[in-house]
Amino acid sequence: KVVFRLDGLVKNSQKVGQSLSKSLISEFEDEFGRDLSPQEMQKILDLAEKFTERQVICALNEASVYNKRNLTYIENVLISWSNKGLTTEDIESGVR
């Protein structure tokens, strides 16, 4: 019986501190109905660093309700919520 060990053969090319959840990317791809470009993935990474992942998902859901599935709209929603001082709990409970 031959056993192949692949441990250590794949190097993670992601920079330290850039821990973007695969589920977050999947959420966007599912909602947008297509694969994301590298620039879009980077933009989502930037948003996830500036805001919480839950807030980014809430903004994606908000954009979907209004059929505005683009990252500029989502970023503006997040900025608006931040300027209003809304917490994640406020956003999830429907406070706008």
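Let me start with a cut-off: a residue is buried when its relative accessible area is under 20%. Keep that in mind for T88. T88 comes out at 10% relative accessibility, so it counts as buried. It sits in helix α5, residues 88–92. What does T88 touch, leaving aside its neighbours within four places in sequence? The partners are T52, R54 and Q55. Of these, Q55 is itself one of the buried residues of α3.

Now the overall picture. This is a predicted model. The chain has five helices and zero strands. From the N terminus on, the order is simply α-α-α-α-α. There are 96 residues, and 31% of them count as buried. Take the contacts between residues at least 6 apart in sequence: 58% of those join residues at least 24 apart.

How confident is the predictor? Mean pLDDT for the chain is 85, and 77% of the residues reach 70 or more. Among the elements, α4 has the highest mean, 97, and α1 the lowest, 91. The weak stretch is residues 10–19, where pLDDT stays under 50. The model gives that stretch six contacts beyond four places in sequence. Where pLDDT is low, the predicted coordinates should not be read in detail. I will leave that stretch there.

On to the core. The largest nonpolar core has 21 residues. Which members touch the most others? They are F28, F32, I44, V56, I74, L78 and W81. Helices α1 (22–32), α2 (38–50), α3 and α4 each supply at least two residues. The largest share, six residues, comes from α3. As background, nonpolar side chains in soluble globular proteins tend to be buried together.

F28 is a good place to look. Skip its neighbours within four places in sequence, and F28 is in contact with L36, I44, V56, L60, L71 and I74. V56 and L60 are among the buried residues of α3. L71 and I74 are among those of α4.

Next, helix α3, residues 53–65. Its 13 residues should span 18 Å at 1.5 Å a residue; the end C-alpha atoms are 19 Å apart, which agrees. Its buried residues are Q55, V56, I57, C58, A59, L60, E62, A63 and S64. So that list includes Q55 and E62 along with V56 and L60.

After α3 comes N67, with a positive phi near 55°. N67 is in the loop between α3 and α4. Buried or exposed? N67 is exposed, at 57% relative accessible area. Its side chain makes a polar contact with the side chain of R69, at 2.4 Å.

Then α4, residues 71–83. Again 13 residues, expected to span 18 Å, and the end C-alpha atoms are 18 Å apart, which agrees. The buried residues are L71, I74, V77, L78 and W81. Down the helix axis they fall within an arc of 120°, so they line one face of α4. Why does such spacing work? An α-helix has 3.6 residues a turn, so residues three or four places apart point the same way. The face turned away from the buried side carries the exposed residues T72 and N83.

Last, the two ends of α4. At the N-terminal end, N70 is the cap: a side-chain oxygen of N70 lies 3.2 Å from the backbone nitrogen of T72. Beyond the other end, α4 is followed by G85, whose phi is positive, near 75°. That is the tour.

How values were computed: Residues are numbered from 1 along each chain as its sequence is written. This is a predicted model: local features need pLDDT of at least 70, side-chain atom pairs count only at pLDDT 80 or more; totals for chains, interfaces and linings use all residues. Side-chain values use heavy atoms; hydrogens and water are left out. Helices (H or I, at least four residues) and strands (E, at least two) are DSSP runs, numbered from the N terminus. The expected span of a helix is 1.5 Å times one less than its number of residues. Buried means under 20% relative accessible area, exposed over 50%, partly exposed in between (1.4 Å probe, protein chains only). The arc is that of the directions from the helix axis to the C-beta atoms. A polar contact is a pair of N or O atoms within 3.5 Å; within protein, one must be able to donate a hydrogen and the other to accept it, and residues adjacent in sequence count only if both atoms are side-chain atoms. A nonpolar core is a set of buried Ala, Val, Leu, Ile, Met, Phe, Trp, Tyr and Cys residues joined through side-chain atoms within 4.5 Å. Contact means heavy atoms within 4.5 Å. pLDDT is the predictor's confidence in each residue, from 0 to 100.
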